[in-house]
Amino acid sequence: MIELLKKMIIEWSHSPKIDEERLKEQVQFAGEIYNKFSSAKGGLLLVLNAPTGFGKTEVIFAPYLYQFIRGEWFDSRMYLVEPVHALLRQMKRRAGTYTKLVKGITVGCDHGEVIKPTFLYTANITLTTIDAMAYGFLAKRVITWGKEYKTGRYSMPAGLLMNSYLVLDEAHLIQDQAFLAPRIVSKIVCSIVNSGGTVLLSSATLPSAFLKLFSCEKVELTKPKVDKVAKIDFKKETIDNTECEEGSIIFVNTIERARKIFEKCESKGKALLLHSLMKKEDKDKVIEELDEGVEDKILITTQTAEVGIDYKFKKVITEISPIDSLIQRIGRVREKEIDVEIFNVKNPLPYDEDVMNRTSNIVSKLNTIKIGDMDEVQQLIDEVYDNLIINKLSSLGESFYISSAEYLNELHLYSYPPERDVYLRPSYYVTLYLLTNKEFEELQEEFEKMLKSKKYEELSKEINEFLLRKSTKYSISLVNNYNEKRLEKLISNTKVYNANIFSKNFLKEVKPNMSGLPSEMIVIINENYYSNGLILPEVKEDE
């Protein structure tokens with residue numbers, strides 16, 4: 001195991017330098033995962049609570065790869081499940097790097113940003129999202145033609161998941177505004193474990209209330225420690241007057257405020273902006289610039305960068321956010337001592353007001369946070385997320401939970417799925433493809449070629465790839481209708497087209513209403529309107 005981990009670290013870091021003390025801990029935990037799963041007589045859930053900067057990615061992959069070296073298996077397949085798409089991009093690179101060390105292992109992807117969904121079937125290691133994994137298990141991801149014919153492959157994903165090494169990485173991000181996903185995911189995971197499956201739950205900031213939901217056979221691994229301390233400077237004022245320091249990462253809670261800070265910092269250094277309403281190709285450009293070094297740069301970002309961003313920033317400047325979110329933001333800096341400025345906010349949105357107030361009261365009294373000490377981190381998180389808060393959040397999604405729980409109770413092997421709604425989160429998203437008039441004209445030309453050409457499949461792939469680069473995902477809450485109204489206002493004032501190239505309505509203008517909103521839309525924008533990400537109109541309460 002030690003030689004495997006050494007090679008993995010060297011291959012990924014492109015450096016022969018290894019932290020020997022850290023390596024010993026990684027070998028200990030990777031070995032423990034391998035041994036416990038190998039010796040388990042039935043299903044088992046392992047919980048890895050490791051601090052940011054511990055190197056848990058190598059620890060996650062090593063037990064699976066070690067099977068091929070040792071010749072003794074606990075599972076022949078691996079599913080790496082991430083809660084957000086941004087993490088999958090980095091994980092794909094890492095998986096490709098690690099699997100070069102062991103011959104014959106294939107890596108596949110199945111999530112909303114792949115052109116052709118694989119429905120979890122094709123590779124030894126599959127990188128996927130929590131939504132794709134859960135809806136695969138729930139028999140909600142199948143190919144359909146028309147309104148009547150379905151392929152009927154309802155039970156295969158569930159069978160594959162039950163016979164694979166299933167890793168739920170960054171599990172704390174499964175949490176939502178109504179504490180719905182943790183309750184549903186815990187039921188799915190325990191169904192898999194009770195059927196003999198092996199599941200690893202990994203996180204740096206998991207509330208105890210979340211973990212208590214998993215009532216199946218589980219073992220919590222000893223919590224590793226990392227020598228990492230955040231020095232806190234809590235400010236009562238808002239972030240508007242913050243300094244734009246080179247080598248800093250600045251977290252802002254809303255896209256609108258992130259844009260304002262970005263405009264301020266643009267003139268003072270190499271400022272970069274990253275948020276959820278930027279096109280994929282623009283996000284990728286920012287990541288490429290960060291890959292070249294961050295010493296002379298300033299990154300202004302939102303929750304988008306709380307995970308998956310790992311660069312040598314010197315300082316964290318952030319608005320106050322829920323304690324688990326705050327610790328993740330601080331953890332984006334690799335240094336052992338981290339300077340952190342935390343600013344107040346006038347409005348708690350998009351977060352729960354009580355969670356924000358509790359976090360603010362706790363953090364304002366601290367001079368330091370030992371973010372490498374999982375016991376201290378756990379205590380801070382549990383002070384915020386106690387039973388009172390969990391019950392309050394849960395009440396917001398009670399009707400969704402009841403519907404999903406009933407669906408699970410009625411779901412049977414080899415049968416069609418129940419005729420009722422099932423929710424993983426109290427929200428859904430639509431995919432927006434943001435095209436200028438010129439880009440849309442070019443798309444029309446390609447589409448005409450595709451219809452006339454015998455190379456239909458080849459050209460349709462090119463169109464799909466083009467649209468993917470221009471895409472962004474827009475989340476709409478089922479708990480409140482604010483984001484829904486903003487999107488409705490946007491599409492009422494611009495041209496919108498069907499984005500499904502296999503539909504007869506492709507490139508045909510549509511006027512959707514919110515009761516019949518297409519899941520994919522081409523939105524025609526102009527260059528001035530799209531400035532540092534899509535700008536959505538504000539709406540008033542009476543609209």
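User: What volume does the largest cavity have?

Analyst: The largest cavity has a volume of about 30 Å³. Keep in mind that this is a predicted model.

User: How many cavities of 30 Å³ or more does the structure hold?

Analyst: The structure holds 1 cavity at that cut-off.

User: Which residues line the largest cavity?

Analyst: Read a lining as a list of residues, then by class. Val-81, Glu-82 and Pro-83 contribute, as does Ile-130. The rest of the lining is Leu-168, Asp-169, Glu-170, Ala-171 and Ile-174. By class, 6 are nonpolar and 3 are charged, with no polar residue.

User: Now the pockets. What is the volume of the second largest pocket, and which residues lie nearest its centre?

Analyst: The second largest pocket has a volume of about 1,700 Å³. Its lining counts 50 residues. Nearest the centre are Trp-12, Glu-58, Arg-94, Asp-310 and Arg-334.

User: Which elements give two or more residues to the lining of that second largest pocket?

Analyst: Five helices appear by name: H1 (2-13), H2 (20-39), H3 (56-70), H4 (85-99) and H10 (280-291). H4 gives the largest share, with 6 residues. By class, the lining of the second largest pocket splits into 21 charged, 15 nonpolar and 14 polar residues.

User: H1 and H4 both line that pocket. At what angle do the axes of H1 and H4 cross?

Analyst: Take distance and angle together. The axes of H1 and H4 come within 9 Å and cross at roughly 125 degrees. That angle makes H1 oblique to H4. The crossing of H1 and H4 is right-handed. On the H1 side, the contact uses Met-8, Glu-11 and Trp-12. On the H4 side are Gln-90, Arg-93, Arg-94, Thr-97 and Tyr-98. The contact of H1 with H4 divides into 3 nonpolar, 2 polar and 3 charged residues. Trp-12 and Arg-94 also appear among the residues nearest the centre of the second largest pocket.

User: Why is H7 called roughly parallel to H15?

Analyst: Angles under 35 degrees count as roughly parallel. Helix H7 (residues 180-194) and helix H15 (residues 398-410) have axes that come within 10 Å and cross at roughly 15 degrees. Therefore H7 is roughly parallel to H15. The crossing of H7 and H15 is right-handed. H7 brings Leu-180, Arg-183, Ile-184 and Lys-187 to the contact. H15 brings Glu-398, Phe-400, Tyr-401, Ser-404 and Leu-408. The classes in the contact of H7 with H15 are 5 nonpolar, 1 polar and 3 charged.

User: On to the backbone. Where does His-14 lie?

Analyst: His-14 lies in the loop between H1 and H2. Check its phi: about 55 degrees, a positive value, although His-14 is not a glycine.

User: Which residues does a cis peptide bond join?

Analyst: Read omega for this one. A cis peptide bond joins Leu-349 and Pro-350, with omega of about 15 degrees. Pro-350 sits in the loop between strand E15 (337-344) and helix H12 (353-363).

Key: Residues numbered from 1 in each chain as written. Predicted model: local features only at pLDDT ≥ 70, side-chain atom pairs only at ≥ 80, totals over all residues. Heavy atoms only, no water. Axes fitted to C-alpha atoms, helices over the stretch in contact; angles between N-to-C directions. Helix = DSSP H or I, 4+ residues; strand = E, 2+ residues; numbered from the N terminus. Parallel < 35°, antiparallel > 145°, perpendicular 65-115°, else oblique. Left-handed = near helix turned anticlockwise from the far one by under 90°. Contact = heavy atoms within 4.5 Å. Nonpolar A, V, L, I, M, F, W, Y, C, P; charged D, E, K, R; others polar. 1 Å grid on protein atoms, 1.4 Å probe; cavity = no way out; pocket = protein on both sides within 12 Å on 5 of 7 lines; lining within 4 Å. Points joined across faces, edges and corners; volume = space filled by probe spheres on them.
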